[in-house]
Amino acid sequence: MSLLDIRNLTVEFATASGQFRAVDGVDLSVDKGELMAIVGESGSGKSVSMLALMGLLPWTATITADQLSFEGIDLTKISARDRRKIIGKDIAMIFQEPMSSLNPCFTVGFQIKEALRIHLGLNRKDRHQRAIELFDQVGIPAPESRLNTFPHQMSGGMNQRVMIAMAIACKPKLLIADEPTTALDVTIQAQILDLLVRLRDEQGMGLVLITHDMGVVAETAERVQVQYAGQKVEEQAVKDLFRTPRHPYTTALLNALPERATSKMLPTIPGVVPGQFDRPKGCLFSPRCQYADDLCRSLPPTPHSAEFGKARCHYVEKITTGELA
Amino acid sequence: MFGYFLTRLGMFIPTFLGVTLISFMFIRVLPGDPIIVMAGERGMSEERYQEMVEKLGFDKPVLEQYWDYLVGVLHGDLGESFVTKKPVWDEFFALFPATLELSICAMIFAVALGLPAGVIAAVNRGKFFDRALMSSALIGYSMPIFWWALLLIIVFSGNLGWTPVSGRIDLLYYFPSVTGFMLIDSLLSGQEGAFGSAVRHLILPTIVLGTIPLAVIARQTRSAMLEVLGEDYIRTARAKGLAPARINGLHALRNALIPVITVIGLSVGTLLAGAILTETIFSWPGIGKWMVDSIFRRDYPVVQGGLLMIAVIVMLVNLLVDVLYGVINPKIRRR
C-alpha cells in the first residue's frame with residue numbers, strides 16, 4: 001500500500017464568472033520514503049492539488065476525488081477534527097514564501113513548540129529540548145537563543161529552516177514542499193534542497209517536491225510527474241523522463257533548460273497555460289503543441305500506459321518512433 | 001523604547017499649545033458676555049461692570065490675556081471658575097471620576113462585545129450572522145445618541161421600570177466619596193443594595209455611550225480579521241493542524257488587533273465628546289455636564305481648562321496605543 005494515494009482529484013473554484021477547474025482528474029501516489037516531484041508552469045494546479053490534500057483551500061473550492069487516502073485512511077471521509085490529528089503531524093507542508101509564512105506576532109520558538117504541544121503533548125521542558133534539537137537538525141546556528149527571535153529578525157533562508165523544523169517537528173510520514181526554494185537566493189536554494197533530501201533520508205519520510213525548476217528535479221527527485229493546466233500529462237522515473245520524455249510538453253520543458261540549449265537562442269514554449277476563458281476543447285496543450293492537428297483540437301486525449309509515461313497525448317507512440325518529428 | 005516614548009512625548013508640545021490657543025479663542029468668539037451672565041437678570045451698574053472687566057483682565061489686549069493664561073497653565077494653574085470661584089483644577093478632579101467611570105464601563109462594553117462579534121462575523125463571512133451584525137452595526141453607528149438614549153429610557157425605565165432614569169445612585173444611600181468611583185465607593189460603604197443601585201444607574205448610560213464605539217470596533221475587527229485570515233501565516237497555522245478557535249482567536253486576532261486598538265484609541269475622543277451628551281441626558285454629574293453648563297454661563301476658565309484636560313487625556317491614550325503597537329506586534333517595535 002502506498003503512503004499517499006490520490007485518484008481522480010478535481011478541484012473547482014466558484015468565481016464570479018462561474019466554476020473554474022484548477023485541478024482536473026489528477027492521480028498521485030507516493031510510497032514511503034519516496035521523493036516525488038511535481039513540475040509544471042505557474043497555473044498548472046500543482047499547489048492547489050496539494051493544498052486540497054491538506055484541506056487548506058478557501059471555502060470557494062469544491063474538492064472531489066475517487067480516493068484521497070493517506071495510509072489507507074480516506075481523508076475526505078473523516079471529520080475535520082480527526083483530519084487535524086493527521087494534518088501537521090503525519091502530513092506536513094512547507095511553503096514558497098518563508099518570510100510571510102511565519103506569524104510576525106510570535107517568536108519562532110513559540111510557533112514550533114505549539115506544534116509539539118498540540119500533537120505530541122510534550123511538557124514545557126521537553127518541548128524546549130525538542131525545539132533546540134530540531135533547530136540544530138535543520139542547521140540553525142545557536143539554536144537556543146534563536147528560539148526567542150521573531151521571524152522578521154531573521155533572513156528568508158533561516159525562516160525557511162524554521163518552517164522545515166516546524167514541519168518535521170512531529171516526525172511526519174509525508175512532507176509536502178511547495179516550491180520551497182523559489183523565494184530564496186540561489187546559494188541558499190541548494191542548501192535548503194540538500195537539507196530536505198537529508199531529512200528525507202534520516203527520517204524515511206515521503207517527500208513531495210512541487211517545483212517549476214527542472215534542474216531541481218534532476219538533482220533531487222526519484223519520480224516525477226508533469227502537470228499542465230490542472231491535468232497530469234506524464235509520469236516517469238526521473239532518469240527515464242530526462243532520457244526519453246514522452247509528452248510533447250515535457251520535451252518542450254526540457255528543451256527550455258539552459259543546460260540543454262544547443263543554439264545561442266534559448267528555446268521557449270510559445271503562449272501561456274490556458275485559463276478560465278480560453279480552455280481548449282480537445283487536448284489542453286494543443287494550442288502550443290508543434291504536433292497538434294484536428295484530432296488534438298477536438299478530442300481530449302486519455303493517459304497512455306506506464307510504458308509511455310502515462311502521457312496524455314494522442315501521438316505518443318508516433319512521436320516515440322519518430323514518425324512525427 | 002524609552003527614547004521612542006520621549007520623542008512621542010515631545011510631539012505633544014505643539015498639539016498642547018494648539019489646544020490652548022483654540023480653546024482660548026473659541027470661547028471668546030462666542031457671542032455673549034460672561035460678566036453680564038454673572039450679573040443675572042438684575043443687571044449691574046456701569047462702574048461695577050468696569051471693575052469686573054479690570055478684575056478679569058478683559059481690558060488687556062487678547063494676546064496678552066492669552067499669554068497670561070498660558071503662563072498660568074504651565075505653572076499648573078488653570079484659573080478659577082467665574083461662577084463658583086473655585087479653582088478649575090479642583091472642580092475637574094471632583095467631577096472627572098464620574099465621567100471616567102462611565103467611559104471605562106462604556107469602553108469595556110464596546111470592546112467586550114465588539115471584538116468577539118467582529119471575529120465571529122469575519123470567520124462566518126457572508127453568512128447570516130455576518131450580515132445581521134454588520135447591518136446592526138451600521139444602524140448603531142448612524143443613530144443619534146440622544147434619540148437612542150430617549151428610546152432606551154422610554155422602554156427600560158418608563159415601560160418596564162427596570163432601570164432608573166437619571167443620576168448615579170438612589171437618594172436612599174449616602175456615603176462619603178473615597179475614590180470618586182460610585183461602583184467602588186458603594187462597595188466600600190458596606191450599605192446593603194448600594195452597589196446594586198449604582199450598577200443599575202450605570203447600565204443605560206453605558207449602553208448609550210458605548211454604542212458608537214461598539215459599532216466601530218465590531219466593523220474594524222471584522223475587516224482587519226478578514227485581511228489577516230488571508231495571510232500566509234494563517235495557512236501555516238492551519239497546516240499545523242491547529243483548532244479553528246486557536247487560529248482565529250490567537251494567531252489571527254493578535255495580528256488584527258493593530259487597527260482595532262487604533263480605533264479604540266480614537267474612540268476615546270468620541271467617547272468623551274459623547275459623554276457630554278450622555279451625561280446631560282442622564283443628569284450624570286461628570287465633566288460633560290459641567291462643560292455644557294459652563295459654556296452656557298460663558299465661564300471662560302472652566303471651558304478652557306476642561307477642553308485642555310480632555311485633549312491631554314486623548315493624547316495620552318493615543319500615546320498608550322502607540323506603545324501597545326510594539327507590544328502586540330514586535331515587528332513595529334523600534335530599536
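Okay, so residues 96-325 of chain B: that span is 80% helix and 0% strand, and its end C-alpha atoms sit 28 Å apart. Keep in mind this is a predicted model. Where does that span come from? UniProt, in an unreviewed entry, puts the feature "domain: ABC transmembrane type-1" at residues 96-325 of chain B.

Let's stay in chain B and look at one helix pair. Two packed helices are described by the angle between their axes and the distance between the axes. Here we've got α6, residues 88-123 of chain B, against α13, residues 287-296 of chain B. The angle comes out at about 130°, and the axes are 8 Å apart. An angle over 145 would count as roughly antiparallel and 65 to 115 as roughly perpendicular, so α6(B) and α13(B) end up oblique to each other.

Which residues meet there? From α6(B) you have Glu91(B), Phe92(B), Leu95(B), Phe96(B) and Thr99(B), and from α13(B) you have Ile287(B), Gly288(B) and Trp290(B). Sort the residues of that contact by type and you get 5 nonpolar, 2 polar and 1 charged.

Right, over to chain A. This chain has 13 helices and 11 strands. Its radius of gyration is 21 Å, and the globule rule gives 20 Å for 325 residues, so chain A is as compact as a globular protein of that length. If you want a box for it, the C-alpha atoms of chain A fill roughly 65 × 50 × 40 Å along the principal axes.

How much of chain A is buried? Of its 325 residues, 45%. And for the contact-map people: take the contacts in chain A with a separation of 6 or more, and 63% of them join residues 24 or more positions apart.

Definitions and conventions: Residues are numbered from 1 along each chain as its sequence is written. Chains are lettered from A and ligands numbered from 1 in the order in which they are written. This is a predicted model: local features need pLDDT of at least 70, side-chain atom pairs count only at pLDDT 80 or more; totals for chains, interfaces and linings use all residues. UniProt positions are given in the numbering used here, feature names are shortened, and annotations may be inferred rather than shown by experiment. Helices (H or I, at least four residues) and strands (E, at least two) are DSSP runs, numbered from the N terminus. Axes are lines fitted to C-alpha atoms, for helices over the stretch in contact, and angles run from 0 to 180 degrees between N-to-C directions. Angles under 35 degrees count as roughly parallel, over 145 as roughly antiparallel, 65 to 115 as roughly perpendicular and the rest as oblique. Two residues are in contact if their C-beta atoms, placed from the backbone, lie within 7 Å. Ala, Val, Leu, Ile, Met, Phe, Trp, Tyr, Cys and Pro count as nonpolar, Asp, Glu, Lys and Arg as charged, and the others, Gly among them, as polar. The radius of gyration is taken over C-alpha atoms; the globule rule is 2.2 Å times the number of residues to the power 0.38. A residue is buried if 20 or more other C-beta atoms lie within 10 Å of its own, exposed if 12 or fewer, and partly exposed in between; C-beta atoms are placed from the backbone.
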